[in-house]
Amino acid sequence: MAPAPTVQDAAPVAVAVPSKATNKGSFVHPTDILPSGWPTATDLSGGAQPRRFEGTIYDVMVRGTIPKELHGTFYRIMPDYAEAPTYYKGGELNAPIDGDGTVAAFRFKDGNVDYRQRFVETDRFKVERRARKSMYGLYRNPYTHHPCVRQTVDSTANTNVVMHAGRFLAMKENGNAYELDPHTLKTLGYNPFKLPSKTMTAHPKQDAVTGNLVGFGYEAKGLATKDVYYFEVDTQGNIVHDLWLEAPWCAFIHDCALTPNYLVLMLWPFEADIERMKAGGHHWAYDYDKPITWITIPRGAKSKDEVKYWYWKNGMPIHTAAGYEDEKGRIIIDSSLVHGNAFPFFPPDSEEQRKRQEADGTPIAQFVRWTIDPSKDPNERLPDPEVVLDTPSEFPQIDNRFMGKEYSSAFINVFMPDRSDTGKNVFQGLNGLCHYRRKEGTADFYYAGDNCLIQEPVFSPRSKDAPEGDGFVLAIVDRLDANRSEVVIIDTRDFTKAVAAVQLPFAIRSGIHGQWIQGNTIPDFDTRGLVDLPKEEHWAPPEASAYDPNM
């Protein structure tokens, strides 16, 4: 089996400065030897180098034909440091998930595509932009920040986006959401739904039946607290359900699953510790002795006594595709699963566990199905999950018209070992997509191409009433061969090939998550664009033209 992926690039490590003495026979340009002021790390070099681009492109070049049914915006959000992250220990301990949030927007309308990219102007971004230097240290550790910024919200808003109640949000789980203008991407404000929690997940779910935005915040009352806040916000932006509860320890709670009757949280086996942070260490430390833990919260619950806790072995269920309840009332959840620490940049505290992490190497990763029976004793370990795809799999997405209901189609990033030239790929990331049909038990695959990686897919239905999974999948391909990025569009009726590609003239950073948002849910979609047209008053007078109609 191919080696398993990690969700982010590897931990920053020192690498040798290029010189004429290395790689005999290859040429290193003299300017590439000069110091840049940026840390030398794997997540800041090669295809992961900082891009720091803001701007627009009107009418991006398209190969093939854009399906006429695509009428909306494909948003991606990426971690991309705006300033060299050198404030604490020169950046040698920075985590790849902590770059400044920058949003890329591809507007599809009438067969054309426009593009805009802009940083989310978080408090952290504004502080460092004005200082022209890094002021923040380790991820979620204010004790390593400059003393004058320790009380600012240090969220980089770099993980996911959502449109709800007419508001477009950029999110990261160590703070509340920032609101953006969906057209200009201008930052408009912080915590638009006035959640009482200090944090909000980057993975809220929109219930396809009620329309509610359902989510949670953890470390909800402050740094390293066990407090968790569950909420539901209706289509008008009002909080209609909420509940405070506690996690069994201060765990990393990244994603969740939604069913008609439950919100289910997934706890990863990391633990936050204030004393470690005060000593200059990481917010998180992986713990091989802790189990994957699930929290089932009955939707609309009035008391934390209604909440149950379940556990399995050690590992990381990174992201969910979706959840539903079967005819027996059991909760079924499909997710990615890494059998070990997928975030090696947050290592264990103990030397013994660090040696175990080193010995384990890259852990196995799969796409699996979990079953939780709410009627059973939560003190019993959950049954082993069913393996659905026995290959590195991540970033599953569904047809969001079925969120919270029983679903079939899932679109998943995967690693495909076979090259088009009959050779074999060496694992360096996810290079394909899978359309998995749960009810049929079938899977179709799309290969991004040799020397290419492909990012998280999103789905747009062919029409409002189209059958589940009938439509188009969009994903950004990193063309490592050409040092640029493109959006491929795949018709699910023939998942093996792209019908069109939107080709940027440059590469953008690998994103974390994104969403396809239909035009009819974006305010003023038909009257406003991503790119402003030239103003009429700037015409030169006709007599200035070299053309004489009388000649």
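**Notebook: sheet, helix H1, cores and salt bridges**

I began with one pairing: Thr-73 has Ile-517 as its bridge partner in S33. The model I am reading is a predicted one. I then looked up the strands around this pair. Strand S3 (residues 72-79) and S33 run antiparallel and are joined by six bridges. I noted the general background that strands of a sheet pair through backbone hydrogen bonds, either parallel or antiparallel.

Next I traced the whole sheet. The sheet is open, has five strands in the order S1-S5-S4-S3-S33, and pairs antiparallel. Strand S1 (55-57) and strand S33 (513-518) are at the edges with a single partner strand each, so each has one side without a neighbour in the sheet. I looked up the twist as well: on average, neighbouring strands of this sheet are turned by 15° against each other, direction ignored.

**Helix H1**

I asked myself which residues of H1 are buried. I found Arg-124, Phe-125 and Glu-128 to be buried in H1. They lie on the same side of H1, because they cover an arc of only 95° around the axis. The general rule I had in mind is that an α-helix has 3.6 residues a turn, so residues three or four places apart point the same way. The buried residues of H1 pack against strand S5 (112-119).

I took Arg-124 by itself, since an arginine was on the buried list. Arg-124 sits in helix H1 (residues 123-131). Its relative accessible area is 4%, under the 20% limit, so Arg-124 counts as buried. Leaving out residues up to four places away in sequence, I listed its contacts, among them Asp-98, Asp-100 and Asp-154, as well as Tyr-81 and Tyr-136. Just after H1, I noted a positive phi of about 55° at Arg-132.

**Segment after S33**

I moved on to Pro-523, which is placed in the segment after S33. Pro-523 is partly exposed, at 32% relative accessibility. Not counting residues up to four places away in sequence, Pro-523 touches Met-163, Gly-166 and His-183. For His-183 I looked up the separation: the C-alpha atoms are 9.1 Å apart, with the two positions 340 residues apart along the chain.

**Nonpolar cores**

I looked up the largest nonpolar core and found 58 residues in it. Those with the most contacts inside this core include Ile-253, Leu-265 and Phe-270. I checked Leu-265 further: its contacts, not counting residues up to four places away in sequence, include Phe-216, Val-228, Ile-253 and Trp-294. A second, separate core has 22 residues, including Val-113, Tyr-115, Ile-489 and Ile-508.

**Salt bridges**

I got a count of 30 salt bridges. I opened the one between Asp-349 and Arg-276, where the closest N and O atoms are 2.6 Å apart. This pair links distant parts of the chain, 73 residues apart: Asp-349 is in the loop between strand S21 (331-338) and helix H3 (351-360), and Arg-276 is in helix H2 (residues 274-278). Arg-276 is buried, with a relative accessible area of 13%.

I then opened the salt bridge of Asp-470 and Arg-493, at 3.0 Å from N to O. Are its two partners buried or exposed? Asp-470 is buried at 10% relative accessible area, whereas Arg-493 is exposed at 60%. Finally, I noted a network: salt bridges that share partners join Arg-462, Asp-470, Asp-491 and Arg-493.

Definitions and conventions: Residues are numbered from 1 along each chain as its sequence is written. This is a predicted model: local features need pLDDT of at least 70, side-chain atom pairs count only at pLDDT 80 or more; totals for chains, interfaces and linings use all residues. Side-chain values use heavy atoms; hydrogens and water are left out. Helices (H or I, at least four residues) and strands (E, at least two) are DSSP runs, numbered from the N terminus. Buried means under 20% relative accessible area, exposed over 50%, partly exposed in between (1.4 Å probe, protein chains only). Contact means heavy atoms within 4.5 Å. Two strands pair if DSSP finds at least two bridges between them. Axes are lines fitted to C-alpha atoms, for helices over the stretch in contact, and angles run from 0 to 180 degrees between N-to-C directions. The arc is that of the directions from the helix axis to the C-beta atoms. A nonpolar core is a set of buried Ala, Val, Leu, Ile, Met, Phe, Trp, Tyr and Cys residues joined through side-chain atoms within 4.5 Å. A salt bridge is a side-chain nitrogen of Lys or Arg within 4 Å of a carboxyl oxygen of Asp or Glu.
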